[in-house]
Amino acid sequence: MYLNCHTYYSFQYGTLSVRQLVEEAHRCGVSKLALTEINNTASYIELLRTKGSLNVAAGVEFRNEAVPHEMLYVVLARNNRGFEHINRFLSRHLATGKPFPQRAPELPDTFTIYPFGKCEPELLRENEFIGIRLHQLSRYARLASRQTAPDKFVLLHPVTFASRHDHAVHRLLRAMHYNTILSKLSAEQHARADEIMLPVSELKQRLQHFPELVRNTERVLDACSLSFALGEDKNKRCVTGSEASDWDLLITRAWEGFQQRYDAANSALRERFQHELNIIRQKQFCAYYLIAHDLIEFARSRNFEYVGRGSGANSMVAYCLGITNVDPIELDLYFERFLNPERSSPPDFDIDFSWDHRDEVYNYLFQRYGSDHVCLLGTHVTYQERSVLRELGKVFGLPKHEINALVEEPERNRHNDHITELIGRYADIIRNFPSNISIHAGGVLITEQPIYAFTATTVPPKGLPVSHFDMHSAEDMGIYKFDILSQRGLGHIRESIQLIRQNKGVAVNINRFAEFKQDEKIRQLLRTGQTMGCFYVESPAMRMLLAKLQCEDYLTLVAASSIIRPGVARSGMMRAYIERFHAVRNGKSYQSIHPKMDELLRETYGVMVYQEDVIKVAHYFAGLTLAEADVLRRGMSGKYRSREEFQRIKDKFMDNCRKRGYDEAVIERVWYEIESFSGYSFAKGHSASYAVESYQSLYLKAHYPLEFMVGVINNFGGFYRTEFYVHEARRLGARIEAPCVNNSRYRTTITGNTIYLGFIHLKGLETRLAQRIAEERAQNGPFISLSNFMRRLNATLEQVRILIRIGAFRFTGKTKQQLLWEAMLYVSQAHARTPAASLFDTEPKTFPLPALERNELEDAFDEIELLGFPLCNPFKLVSGTEATHRAGDIRSHLGKTVCLPGYVVTVKNTYTIKGEGMYFGTFYDEEGEVFDTVHFPDVARKYPFRGRGFYRITGKVTEDFGVYVIEVKTMEKIPMISKRAETHFVEDMPFAPADSIA
C-alpha cells in the first residue's frame, strides 16, 4: 500500500533512517513497500540488507531543482531492467542539469504515478497512474462517479517521518534547504504533517469506500520487485575477453616478475608464489589483479610516479606484477591479511599518483573499460556538531556573533535561552543525518554489467559520474572499489628531481631504496626528527615519535607509520610500544599482557600495531576462524559497529577466550586494544609503502635540501603553511627573494642558493598575468623598466600595484612610492598616446616628486597582506620579546621554569579521555629554532590560543625519551607593532597626476 517512502537520504527532506523505516513497516504490519527517494537511489541497498522479512520495491520521486517543493511523478521499477532505465534517465538529467520533463518518458519495465490533478486519466499510457493522497479522498470521491478509467487511480500516501513530532525536524531541514528562517517557510515548501506510516488496518479502514484504490495499489506494488544477490561478485569478470586468457596473462606476467625479483630456484618462495596464485584463481580475483596491473602499465608508459599500497601490498603476486614495491617476504607480511580462502572480498589496492596526474588516470579507466561500466564511488556527507549548529542558528534567526559563539563553545552557549536550547535539542536529532552526495577520496567502481544496473550517478564539478551509494553499500552489493588516490608527496619528489637536474646538473635515481636504508644522513634526520617537508613524517607528533624511538632504520619507521594513528596513540599502546622498544634495546624485560600475545606479536613487543595483528590475535589467541577474524577487523570502523554479525563475533571472541582460561582482565584488555585501534591503523604493507616514499623524501632533503624545499613549496598540501617551508629553506641556507618580474616564474624557482618565490603566491594577482610574465620575458627578454613592463603586458593598474607592493620591480632601483606614481602617470597618459608613439619603446617623462618617507617594516606588512607572511624575521614586527631563555637552551633547564616568546607554527586541538579540551603547540623562537608545548585542560581554558602570531610562553621543561617539551603554565599573546600610515598611495600625494600632465 505504500508506493512513496522516503528516508533521510531524501536529503534535507526525510527524517527516517533506513532502519527506522523498516521498524515502522514491521510496527504497522506492512509486508511490502516501495522506496522512492527524491532524485537519488542512495539508500536501496541498505534497505535490502536490513529489511528482514519485508519485501521491497524501488524507484525514484522526481522533482526539479527550480521548484523543489513540487513532485513531478514517482517512477517505480517493475524489475531490475526497469531499475536500470530509471537510473539512466535520472543520471542523464543530473549530468546535464536539464530539468526533468513534466511528462515522464516511456521507460520500459516501469510504472509512473502522477500527483492528482497533474494529468488527465484519458491521456495516461498503459503503465501510468494517478496517485490519490488521503486528504484528497473527498475530492476524488466527487469525481469518481464520472471517471471512465477507474483502474488508473492508486493510493499515493507518502512516508517521510515517523510521527507528527518529527514534522518539526522536517520543517527545519526544509528551511535549511531553502536557506531561510523558519518563520518565512511557506506551507508549499514543506510536506504535510500527515506523511507518516499508518497501520495497514487503519489505512484500509480509511479506504473502505474506495476498494478500487486498494486493488489498483496492491496490483502495482505486487508487480514491482528487485532481485539482487547481495555480496555476490558484480565486478568486471575478465579483461582480455575470457577468464581463461585472463589467467594465462596473469601467470605469465607474475612469473616474469618473480624471476626478476626473487631467486627462482628457491622452492619455498615458489611454493608461496603458487599458493597465492591458487587462491587468486579459486576466489576469482584474476581480473581484479589484471586491472590494477594494466593501470600500472599505463602509468609507466606516461612516466607517472605511483605508490601501490593497501592490504594488497602483502601480496607476493602484486609485488611481482609491479603493483607494489614492498617485498612481502623481506618484511614477513602476514599473508592472511591480504587473502585467505575464507575471505569473500578482494584485497585492497590503494594506488597513489601525483595530484596533477590523477585526472588523466581516471580518464584512462573510463576509456579503457567504458563509461557505462565505470564510475567514481560516492560518499554521504553528514551533519556534524558544528555544521548543524550553524545551519540551525541561521534557521532560527540568530545574529552572526551568537551563531559563532554557539558553534565555537556549544556546551557553554546552548543553554543561554529557550532558542539555543531548541537549537541544541534539534541539533542532537539531526546530527549524522546525510546532507548530500560527495566523492569518495579515491574509489573507482568497474562492473561487469552497466553501472546503471546498480545505481544512478551524479556528475559534480570534477566532471566524472559518481555513484549514489557509498562504499559500505557497494561492498554489500558485491562491488569492490579500486582506490586511485592523489597525494602531494609524489609531486614534490618529482619536482625536486627536476630542480636538482636544473640547478645542480645531477640526475637523481630515486629508486635506490636499498642504498637509502644505509644512508647516514637519512638516519640522522630520522633520529633527530628533522623531517619537515618529508612525506608522512613531518607532523610535530611524528617528529617527536621518531625522536623518542631514535628511529634510524626502515622497520622502526614502518611501525611508527602505524603507531602514530589516532587509535593506537589514544589507547596507550603507543606509549607501551615506546617503553618496550627501549627496554629491549637496553637488554631489559617488560611486562606483557599475556605470553601468547608476545608470541604472536614478537616483532612489535606484544603490542598490536598493524591491522593484520587483529586477525592474528582473533585467530590464534581467541580461536576465531579467519573469516570471522576479518569481519572483526572490518567491523571496527564506520557503521559496521552496529551490525548484528559483528556483535555475534564479539560475543564469540569473549566466549572463546573464557573457554581457553584467560583471566577476565586479560580478555577485557585485549578486546579494548582491538576496539581502540584497528579502525585507524594501517596494514603493515601499507605502512611499508608509505615508509618507502618517506625514505625517498628524506634522501632528497638530506642531500639536496634547498631544491627539495622548493619542490615542497610548489606542491602545496603539506602539513604546514607555505610560510614555514620558506622558513625551513632559509634555515637550511637559502637566500629567499620576493617575487621579481625579471627572475620569478609562476611557481617558485631556485638558482644556486637563491630561491625566488613564484607569482602563484601573490593574493589578488590574476593567474593569467602571473603566467604571462615569464612567458613574455622568455620571448622578448628582460623588462627594463616599469613602463616597459606595462606596455608589453598591458596589465591593469590594480595588478601592477600588487607587483610594486611586493617589490617585483626592485631591479629599477626606485622606491615603491616612485613606482606607484609612475604607474599612475602611465595609465593617465595612456589616452594621449598616438598609435605611432606606441611602436617605440620610449620611456615616459619623469617628474620631480616630493621626498617620501617609508618605514622599512612597511615592506613586511605588504608581504603579510600579499603573501600571507613576512620575508624578514617576523620578530621584527613585535616589541617586548625579550626572553630569559632560547629554544636551543631548554635541554639544560629540565624540570625548571622557562620563559620565551614564540611564533606559532601549528596548534593541534585534542581531548583527554574525560573529554576535556587541550592543545599541543609548535613554535619557533627569534633565532628560528623550533620548540614544542603541551597545554593541559586547566591551562587551555585559562590561556586559549587567539589566532596566529606571537605568544610569550612560561612553563616547565619536561623530557620524555629524549624529547623536550614545555608544559605551559601561562601564555599571553604579544601584539604586533602598529603599521605606520603608508605614504605611497597617490591619494596621499600633495598634487594629482592631472595637474602634472597639464
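This talk covers one serine, S467, and then a barrel of strands in the same chain. The model is predicted, so local features need pLDDT of at least 70 and side-chain atom pairs count only at pLDDT 80 or more, while totals for chains, interfaces and linings use all residues. Residues are numbered from 1 along each chain as its sequence is written, and side-chain values use heavy atoms, with hydrogens and water left out.

Start with S467. This residue sits in strand β13, residues 466-467. Helices (H or I, at least four residues) and strands (E, at least two) are DSSP runs, numbered from the N terminus.

Is S467 buried or exposed? S467 is buried, at a relative accessible area of 0%; buried means under 20%, exposed over 50%, and partly exposed in between, with a 1.4 Å probe and protein chains only.

Leaving out residues up to four places away in sequence, S467 touches several others, among them C375, I437, L445 and T457. Contact here means heavy atoms within 4.5 Å. The S467 side chain also reaches the backbone oxygen of F469, at 2.9 Å.

Now the barrel. Five strands close it in the order β18-β19-β20-β22-β21, with mixed pairing. The twist from one strand to the next averages 50°. Two strands pair if DSSP finds at least two bridges between them.

Which strand does β18 pair with over seven bridges? Strand β18 (residues 897-911) pairs with β21 (residues 950-960) in the antiparallel sense. G902 stands opposite Y951 in β21.

Last, helix α33 (residues 722-731) lies across β18 and β19, at about 135° to β18. Axes are lines fitted to C-alpha atoms, for helices over the stretch in contact, and angles run from 0 to 180 degrees between N-to-C directions.

How values were computed:
Polar contact = N/O pair within 3.5 Å; in protein donor to acceptor, adjacent residues only side chain to side chain.
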